[in-house]
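Welcome! Please take a moment with the sequence and the model below, and then read on for a short tour of some strands, helices and backbone features.

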Amino acid sequence: MTRFAVLVKQIPAFEQMMLGPAGRLVRDHTALEMSAYCRRAVSKAVEFAADDPDSSIVVFTLGPSAAEDALREAIAWGLDRGVDIRGVLITDPDFAGSDTIATARLLAAAINREGPFDLVLAGKNSLDGDTGQVPPQLAELLDLPFAAGVKVLALHEQIASVGCEHDDGWLDAEVMLPAVLSCAERLCEPAKVSHEGRAAVPAQMITTLSTMELGPGPWGGAASLTDVGETRNLLVQRSRQIDADAPLADQVSTAVRILRDSGALDGDANAERPALGATNGPGPLVAVLAEPDRDLLTQELCGAAARLAESLHGSTVLLAAHELSAATAGSWGADRLVIITGSAVEEEIAGAVAQWARARQPWAILAGSTSFGREIAARVAVSIGAGLTGDTVDLEVVDGRLVAWKPAFGGSLAAAITARSPVQMASVRPGVLTRPRPRVHTADVESITGSRRDRIRIRLRRQEDSLERLGEADAVVGIGAGVAPEELSRFGGLCEVLGAELGCTRKVTDGGWMPHSSQIGITGRSISPRVYVAVGTSGKFNHMVGVRSAGTVFAINSDPTAPVWDHADVGIVGDWRECIDMLETELRREHGLRQSGDTERTAANSSLRR
């Protein structure tokens, strides 16, 4: 007999997401739906329960009364497959305004009240906030092991065998039950039920929990450790310079001219990187969590820490649970290096970091917004009572406090988040911060010892791609379902002349012929290259939202009515197979002219100097 708890979240249909003036989600007159990852959690629990008549499922959601519809959908999915399933709606005006920690505390209270459970399943993240923090925070509150991005799952008595999709890699592990697992989008068939099927669920199958059942709290905004402040609109108006009636050759020439005139062909790979901020002062301590095999990300975080510490006249420290030299840490901007020994997996590293933070009380702790960084930061935040802002894209100091700018709702806006706690925490998207020039410095070194829990056994870690590849790219060519696997080689020359990396849409990764780390969009990567070339994709919102920050968007599509034109600065209306060679030739000609011009200018300048 296995008891499953499943967590679901109701969100606005992502095309309609927006924040109100108080920084809260606008739900009135907006279509609502179950978050995509949560659908997999429901479906997987029902799949297991259908094979064991003694098993049962309790589905939990936190939200207003309208969120009951998400419970009805989950219950209807289970009833259609003959499983024992019911729902719990956690709702009360006092619960409004919950940040991720306050949300996790409410869910933990409800799970403890309705439990015990053998397995808690959740979505990897929700598409409105996209932090991925609640599941690991819940695991910390329940004192359970956790695995993120589960794409393969099998249960054997008290062991969950998992295969996890982690950013640009893969993890095989065994997790001791009870446990919390977050589900990847491709774990299984999503649970989807019609409006009529949801309406047919008997009302008595849903229990409501309020402050009367969960206690006086504090809950909601009063229990939250972060506040939402100013918001910035990130919507980009594209110039849509397209002439569908012109001959294909003319469209190619015009497109290259527009790219040239707009500066989209001007690479900045040789631009001088800024110097590191001056640190090692007497002021507050800014800490960075280093991740194994993520040197570029760690350098970005150390650069941000040095910039923040300089404004505070403070110092920096780098915490690492892997081998790292004092000279390397110092060159990246760390004044001190703390080596964590005796801890092998994320929950154990988090325990060591939390112990260190309680003793040293840093002003802030920064981590990467990766599977590794999210779990550790989430667990540490719960453990030490720190406000945590996830997936941030910029950091600054205002009145002595950390302001973390976080994109939300498909990247259409960014909100300024501040923490109320003495220790402030933020996870940062890879590739969005400037990586300063290294310095010559050797960090002071100390070590701390973590504790082994032995609740997770790692069988395999495999790197499948580079997380920084698209994030660091100056140009990206993104392919969609209109490009067949065997046609990939056609893009070698285009990528070469543009100095571009190759990305793709979700349909391509669903087909299994490009890795998930190459996926761009709302359930993939958000990137900000100088130029993005969209080929063979219709340009639906869930893909194009990932390139909102691109300098120039250039699309090639044979359909003049395709939605991609609403997101493009310049385009060619035609079959990419017919114009790709012409485009490459025209770009190479332009590249040659520019190189010739640079050579002539250099010679002229040399002559003037003589």
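In strand 26, valine 535 is the bridge partner of isoleucine 479. Strand 26 covers residues 531-535 and runs parallel to strand 24, with five bridges joining the two. Strands pair here if DSSP finds at least two bridges between them. The strands (E, at least two residues) and helices (H or I, at least four residues) are DSSP runs numbered from the N terminus.

Before going further, a word on the source: this is a predicted model, in which local features need pLDDT of at least 70 and side-chain atom pairs count only at pLDDT 80 or more, while totals for chains, interfaces and linings use all residues. Residues are numbered from 1 along each chain as its sequence is written, and side-chain values use heavy atoms, with hydrogens and water left out.

**Strand 24 and its partners**

Strand 24 also pairs with strand 25 (residues 500-504); five bridges join these two parallel strands. Here valine 477 stands opposite leucine 502 of strand 25. Between the two strands in the unit comes helix 14 (residues 492-498), and together strand 24, helix 14 and strand 25 make a right-handed β-α-β unit. Right-handed means that, with the strands pointing away from the viewer, the path from the first strand over the helix to the second runs clockwise.

How many residues of strand 24 are buried? Five of its five residues, 475-479, are buried, where buried means under 20% relative accessible area, exposed over 50% and partly exposed in between (1.4 Å probe, protein chains only). Both faces are covered, with Ala475, Val477 and Ile479 on one side and Val476 and Gly478 on the other.

**A sheet of seven strands**

Elsewhere in the model, seven strands form an open sheet with parallel pairing, in the order 17-21-16-13-14-15-22. Strand 17 (387-392) and strand 22 (444-449) stand at the edges with a single partner strand each, so one side of each has no neighbour in the sheet. On average, neighbouring strands of this sheet are turned by 20° against each other, direction ignored. Angles run from 0 to 180 degrees between N-to-C directions, and axes are lines fitted to C-alpha atoms, for helices over the stretch in contact.

Within the sheet, strand 16 (residues 364-368) and strand 21 (residues 424-428) run parallel and are joined by five bridges. Glycine 368 stands opposite valine 428 in strand 21. Helix 9 (residues 295-312) packs on the sheet, and its direction makes about 175° with that of strand 13 (285-289). Helix 11 (residues 346-360) packs on the sheet too, with its direction at about 135° to that of strand 15 (336-341). Strands 13, 14 and 16 are among those that helix 11 touches, contact being heavy atoms within 4.5 Å.

**Backbone features in loops**

Most residues other than glycine have a negative phi, and most peptide bonds are trans. The table lists places that depart from this pattern.

| Place | Feature | Value |
|---|---|---|
| Glycine 115 to proline 116 | cis peptide bond | omega near 10° |
| Glycine 217 to proline 218 | cis peptide bond | omega about 15° |
| Aspartate 143 | positive phi | phi near 55° |
| Glutamine 361 | positive phi | phi near 50° |

Proline 116 lies in the loop between helix 3 (100-114) and strand 6 (119-123), and proline 218 in the loop between helix 6 (211-214) and helix 7 (220-223). Aspartate 143, in the loop between helix 4 (134-142) and strand 7 (146-156), is partly exposed at 42% relative accessible area. Glutamine 361 sits in the loop between helix 11 and strand 16 and is partly exposed at 47%.
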